[in-house]
Amino acid sequence: MAFDKEFSIVSEGVTDQVVLENILFGWTGNKDLVINRLQPKDDESGNWDKVFKYCRSEEFKGAFAFNDFMIIQIDTDFMARGEVSEEFLIDINGLSTEEKIIAFRNKFIELIGEEFYNAYESQVIFAISVEEIECWFLPIYFPTKKKKAAKTVNCIGTLNPELSKKEGFTISSKEYGYYERIAKNFRKKKNIQKYAPLNESFDIFIRELAAKI
């Protein structure tokens, strides 16, 4: 029987959504999986602060009545750029990848509300990409180069020369179709199992996904 639970995604942007959707298609083995885009919606722009604001909204809480699982995605790189107001500040200086993910998770729980989160914890799956979701593409193109596959900084800069050579495009412009082409590599569970362990934040997401669904 096909996996038929319903997912929703709260993420920074549509390119993040298409990556997560392909991972879910691959992991569940169901290419017709129902996945609702809560934030941003198809006709909206996205950003990291909108993820935080949405997760503390009543709309977010109400969505649990209609979804089996909620994926919450955010990159961590904006924190280092000094763009953050006090209400969303997370001190991640000097932390390991796993510690950064825990710090972001704790901030989300604070914004959601601990009582509400505890009631729905089994349905919430965090996709905290360190430092950007493009880092999860590195294992596809550097499966035997472990240091490159494990990178968390300048991932787009590392990817683009290889993408130009192998795919004939780069992703500096955040072109949706290019992200979709790359993310299709995740449509087989065996590929996810091969690639995820090579990049730590990707692996942490997959381990949480596997534990909850």
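What follows is a set of questions and answers about a predicted model.

Colleague: Which residues touch the most other members of the largest nonpolar core?

Modeller: The structure is a predicted model. Its largest nonpolar core has 41 residues. The members that touch the most others are Ile23, Phe186 and Phe205.

Colleague: Which helix gives the largest share of this core?

Modeller: In soluble globular proteins, nonpolar side chains tend to be buried together. Here, seven residues of the core come from one helix, spanning residues 14–28. The helix with the largest share is H1.

Colleague: What does Phe186 touch, not counting residues up to four places away in sequence?

Modeller: Phe186 is one of the residues that touch the most other core members. Its contacts, leaving out residues up to four places away in sequence, include Val19, Asn22, Ile23 and Gly26. The others are Trp136, Phe137, Ile140, Ile192, Tyr195 and Phe202.

Colleague: How many residues are in the other core?

Modeller: This core lies apart from the one that holds Phe186. Among its members are Val10, Leu38, Phe88 and Leu111. Its size is 33 residues.

Colleague: Which cysteines form the disulfide?

Modeller: A search of the whole structure finds one disulfide. A pair of cysteine sulfur atoms must lie within 2.5 Å to count, and here the sulfur atoms are 2.1 Å apart. The pair is Cys135 and Cys155.

Colleague: Is this disulfide right-handed or left-handed?

Modeller: The handedness follows from the torsion about the S-S bond of Cys135 and Cys155. That torsion is about 90 degrees, so the disulfide is right-handed.

Colleague: Where in the chain do Cys135 and Cys155 lie, and how many residues apart are they?

Modeller: Both cysteines are buried. Cys135 is in the loop between strand S4 and helix H6, and Cys155 is in helix H8. The disulfide links distant parts of the chain, with the two cysteines 20 residues apart.

Colleague: Are H1 and H11 parallel, perpendicular or oblique to each other?

Modeller: The axes of H1 and H11 are 12 Å apart, and the helices pack at an angle of about 50 degrees. Leu20, Ile23, Leu24 and Trp27 of H1 meet Phe202, Phe205, Ile206, Leu209 and Ala210 of H11. The crossing is right-handed. Given their angle, H1 and H11 are therefore oblique.

Colleague: Which residues make the contact between H4 and H11?

Modeller: The axes of H4 and H11 come within 9 Å and cross at roughly 55 degrees. The two helices are therefore oblique to each other, and their crossing is right-handed. The contact is made by Thr97, Glu98, Ile101 and Arg105 of H4 with Glu200, Ser201, Ile204 and Glu208 of H11.

Colleague: Why does helix H2 count as largely enclosed, and which of its residues are buried?

Modeller: Six of the eight residues of H2 are buried, so the helix is largely enclosed by the rest of the structure. The cover over them includes strands S1, S2 and S3 and helices H3 and H4. One of the six is Cys55, which is buried at 0% relative accessibility. The full set is Trp48, Asp49, Val51, Phe52, Tyr54 and Cys55.

Colleague: Lys50 also lies in H2; what is its relative accessibility?

Modeller: Lys50 touches Gln39 and Ser45, not counting residues up to four places away in sequence. Its C-alpha atom is separated by 16 Å from that of Ile90, 40 residues apart along the chain. Lys50 counts as partly exposed because its relative accessibility is 33%.

Colleague: Which residues are joined by cis peptide bonds?

Modeller: Most peptide bonds are trans. One cis bond involves Pro40, in the loop between S2 and H2, and another involves Glu131, in the loop between S4 and H6. In each case omega is about -10 degrees. The joined residues are Gln39 with Pro40, and Val130 with Glu131.

Colleague: Where does Asn154 lie, and what is its phi?

Modeller: Asn154 is in the loop between helix H7 and H8. With a relative accessible area of 53%, Asn154 is exposed. Its phi is positive although the residue is not glycine, with a value near 55 degrees.

Colleague: Is Lys174 buried, exposed or partly exposed?

Modeller: Lys174 is found in the loop between H8 and helix H9. Its phi, near 55 degrees, is positive in a residue other than glycine. Its relative accessible area is 39%, so Lys174 is partly exposed.

Note on methods:
Residues are numbered from 1 along each chain as its sequence is written. This is a predicted model: local features need pLDDT of at least 70, side-chain atom pairs count only at pLDDT 80 or more; totals for chains, interfaces and linings use all residues. Side-chain values use heavy atoms; hydrogens and water are left out. A nonpolar core is a set of buried Ala, Val, Leu, Ile, Met, Phe, Trp, Tyr and Cys residues joined through side-chain atoms within 4.5 Å. Buried means under 20% relative accessible area, exposed over 50%, partly exposed in between (1.4 Å probe, protein chains only). Helices (H or I, at least four residues) and strands (E, at least two) are DSSP runs, numbered from the N terminus. Contact means heavy atoms within 4.5 Å. Axes are lines fitted to C-alpha atoms, for helices over the stretch in contact, and angles run from 0 to 180 degrees between N-to-C directions. Angles under 35 degrees count as roughly parallel, over 145 as roughly antiparallel, 65 to 115 as roughly perpendicular and the rest as oblique. A crossing is left-handed if the near helix is turned anticlockwise from the far one by less than a right angle, and right-handed if clockwise.
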